[in-house]
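Dear colleague,

I am passing on the structure below for your own work. My notes on what was found in it follow directly after, beginning with one local feature and ending with the chain as a whole.

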Amino acid sequence: MSRRSYTYILIVTLAIFSNSCSTYTNFYSPTFSKIEQNNISKIHRLDLSNQNLKSLPESIKKIKDLRMLDISSNPELDLQQVFEQLAQYNTIEILILDSLSIEKLPESIKQLSKLKQLSLAYNPKIDLEYNFDLIAELPIEFLNLKGNELSKLPENIKTIPTIKDLNLSFNTIKTARNFELLGMLPNLYSLWLDHNQLDKLPPEISKVNQVRFLYIDHNRLQKLPKEMSKMKTWVIHAGYNEFTQLPKVFTTMKSLFMVHINNNKINTIPTVYEAEKYSLAGLILDNNPITEKEKIKAKKLFKGFFLLSFEQK
């Protein structure tokens, strides 16, 4: 197997495992939803979501090696008390706090010195500026801010340089400054901007040139800015938009290997794909109104691709 082929396979594999943005689901299985005496020693992952809790069960104190805790959707939960109880757990790496009407996290979150993955999804009243100051010294690698009605990011997001994976789905992140700030996260690897009501991307998207996996699906995009040529992205998910032709900028992105651009309105392949050399080698065009003539042309143009799909439902 050639090195190039191996690279393609590696990137496709990473794309598959990165797709859900729920990296915290892949560690320390199995997950328990109850604490029973006979399984105390086995509990590393605990899911107490949707249990109408007002406080954590006393028996949680008996767990010695808790790595993941999900307490989402318990609206009456006293977070101050919760974090006082969690202070004993410097083993926690994954904490899921979705749909808890959070505004400000308790200061005691600072004691979770090994916390790598934090989900704060669906907390639309959240004070991000305050909370980013709290978690700035924690080793946060995955941060989920999905569905928080965000239109702009606070300036102090740049004080969390450890972020690798950032989920901003179901918000309205559009302005140039947001992208400038994202560009200040040196380790940012995967970025979710799906369902953000985007009808265009600003030229400043090029500031986020460190991102390897970019999710811009389920928006209203018709074109992509030429400045994206500066990006080092490997995989782009751009399905469910308003594209009528395959964007030309893909031929200028030197690291781009794979594009998902299914469920658009694409009916033509621009002639630039005949004339230019490019790194793209995987293309999913499913559920686009591409004519038979264009399909034949595309199959000739992209015959060296490891993946090329035009499937229709």
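Asn 287 is buried, because its relative accessible area of 17% falls below the cut-off of 20%. Please keep in mind throughout that this is a predicted model. The residue belongs to the loop that runs between strand 12 (282-284) and helix 6 (292-301), and the phi of Asn 287 is near 55°, which is a positive value in a residue other than glycine. As background to that remark, most residues other than glycine have a negative phi.

A positive phi is also found at His 195, where the angle is near 55° and the residue is again not a glycine. His 195 is placed in the loop between strand 8 (190-192) and strand 9. Is this residue buried, exposed or partly exposed? With a relative accessibility of 26%, His 195 counts as partly exposed, because the value lies between the cut-offs of 20% and 50%.

His 195 also leads to Asn 219, since it is one of the residues with which Asn 219 is in contact. Leaving aside neighbours within four places in sequence, the contacts of Asn 219 include Leu 193, Asp 194, Asn 196, Gln 197 and Leu 198, and also Tyr 240 and Asn 241. Asn 219 itself sits in the loop between strand 9 (213-215) and strand 10 (235-237), and at 6% relative accessibility it counts as buried, because that value is under 20%. Its side chain reaches the backbone oxygen of Ile 216 at 3.1 Å.

Turning to the chain as a whole, its secondary structure comes to six helices and 13 strands. The radius of gyration is 22 Å, close to the 20 Å that the globule rule gives for 313 residues, so the chain is as compact as a globular protein of that length. Taken along the principal axes, the C-alpha atoms fill a box of roughly 65 × 40 × 35 Å.

Of the 313 residues, 52% count as buried, while the area that the chain exposes is about 15,200 Å², with carbon and sulfur atoms supplying 49% of it. Among contacts between residues at least 6 apart in sequence, 48% join residues that are at least 24 apart. As for charge, the chain has 40 positive and 33 negative charges, and the mean positions of these two sets are 8 Å apart.

With best wishes

Terms used
Residues numbered from 1 in each chain as written. Predicted model: local features only at pLDDT ≥ 70, side-chain atom pairs only at ≥ 80, totals over all residues. Heavy atoms only, no water. Helix = DSSP H or I, 4+ residues; strand = E, 2+ residues; numbered from the N terminus. Rg over C-alpha atoms; globule rule 2.2 N^0.38 Å. Buried < 20%, exposed > 50% of the residue type's maximum accessible area, 1.4 Å probe, protein only. Contact = heavy atoms within 4.5 Å. Areas by Shrake-Rupley, 256 points an atom, 1.4 Å probe, with all protein chains shown as cover. Lys, Arg positive; Asp, Glu negative; His and termini not counted. Charge placed at Lys NZ, Arg CZ, Asp CG, Glu CD. Polar contact = N/O pair within 3.5 Å; in protein donor to acceptor, adjacent residues only side chain to side chain.
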